[in-house]
Amino acid sequence: MPKIELSRVSGDYGFEAKDENGHIVKMDSNPQSGGLDFGVRPMQMLLMGLAGCSAIDVIGILKKQRQDVKDYKMIVNGDREAGKEPSLWQDINIEFHIYGDIDPDKAQKAVDLSVTKYCSVAATLEKAGAEIKYSVSVHPAV
């Protein structure tokens with residue numbers, strides 16, 4: 001079972017979370033509520049987790065399809081529920097930018113499979129009520 005240790009290391013709300021392999025992530029609250037901008041806000045970390053999870057899926061699928069991915073970028077934006085506590089992610093938009101000599105149909109299929117079938121973070125966010133929309137752009141290698 002994965003294990004996370006969290007320790008306060010900066011001001012009132014600056015934390016470091018460490019996994020069982022020693023990887024560390026810094027987190028903090030926003031400055032308006034007493035944070036010191038020490039690290040990522042926990043809710044934004046969910047979007048980062050979504051991007052990382054899906055990126056691993058997409059790259060893996062494209063490699064199996066013998067597509068030569070030269071570079072890869074994602075832009076993730078989200079809106080949270082207004083006036084609610086807790087304020088959950090409601091709408092999430094993802095832009096997938098894949099660089100290389102890539103078949104656009106294979107890129108689209110890889111992204112579709114990731115977002116709708118394989119990415120556990122996407123499934124978790126959707127079960128919490130988020131709607132995830134996405135687009136795929138294939139670009140020549142830079």
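This is a short tour of one predicted model, stop by stop.

Before starting, note that residues are numbered from 1 along each chain as its sequence is written, and that side-chain values use heavy atoms, leaving out hydrogens and water. In this predicted model, local features need pLDDT of at least 70 and side-chain atom pairs count only at pLDDT 80 or more, while totals for chains, interfaces and linings use all residues.

**The whole chain**

Show the whole chain as a cartoon. The chain has three helices and six strands; these are DSSP runs numbered from the N terminus, with helices being H or I of at least four residues and strands E of at least two. Followed from the N terminus, the elements run β-β-β-α-β-β-α-α-β. Along the principal axes, the C-alpha atoms fill a box of roughly 50 × 35 × 35 Å. Of the 142 residues, 31% count as buried, where buried means under 20% relative accessible area, exposed over 50%, and partly exposed in between, with a 1.4 Å probe and protein chains only. Taking contacts (heavy atoms within 4.5 Å) between residues at least 6 apart in sequence, 50% join residues at least 24 apart.

**The three-stranded sheet**

Select residues 4-10 and 24-27, which are strand 1 and strand 3, the edge strands of an open sheet, each pairing on one side only. The sheet has three strands in the order 1-2-3, with antiparallel pairing; two strands pair if DSSP finds at least two bridges between them. From one strand to the next, the twist averages 25°.

Add residues 14-19, which form strand 2; four bridges join strand 2 to strand 3, and the two run antiparallel. Which residue stands opposite Glu16 in strand 3? The partner is Lys26.

**Helix 1 against helix 2**

Select residues 42-64 for helix 1 and 104-118 for helix 2; their axes come within 9 Å and cross at roughly 135°. Axes are lines fitted to C-alpha atoms, for helices over the stretch in contact, and angles run from 0 to 180 degrees between N-to-C directions. The angle makes helix 1 oblique to helix 2, because angles under 35 degrees count as roughly parallel, over 145 as roughly antiparallel, 65 to 115 as roughly perpendicular and the rest as oblique.

Show side chains here. From helix 1, Ser54, Asp57, Val58, Ile61 and Leu62 meet residues of helix 2, including Lys106, Ala110, Ser114 and Tyr118. The residues of this contact divide into nine nonpolar, two polar and two charged. In that count Ala, Val, Leu, Ile, Met, Phe, Trp, Tyr, Cys and Pro are nonpolar, Asp, Glu, Lys and Arg are charged, and the others, Gly among them, are polar.

Now pick Ser114 in helix 2. Is Ser114 buried or exposed? Ser114 is buried, with a relative accessible area of 0%. Not counting residues up to four places away in sequence, Ser114 touches Ser54, Asp57, Val58 and Cys119.

**Helix 1 against helix 3**

Keep helix 1 and add residues 120-127, helix 3; the two axes come within 7 Å and cross at roughly 135°. Helix 1 and helix 3 are therefore oblique to each other. Leu46, Gly49, Leu50 and Cys53 in helix 1 meet Ser120, Val121, Ala122 and Leu125 in helix 3. This contact has six nonpolar residues, two polar and no charged.

**Asn77**

Last, select residues 68-80, strand 4, and pick out Asn77 within that strand. Asn77 counts as partly exposed, at 44% relative accessibility. Leaving aside residues up to four places away in sequence, Asn77 touches Asp91, Ile92 and Asn93. Add Lys133: from Asn77 it is 56 residues away in sequence and 10 Å away in space, C-alpha to C-alpha.
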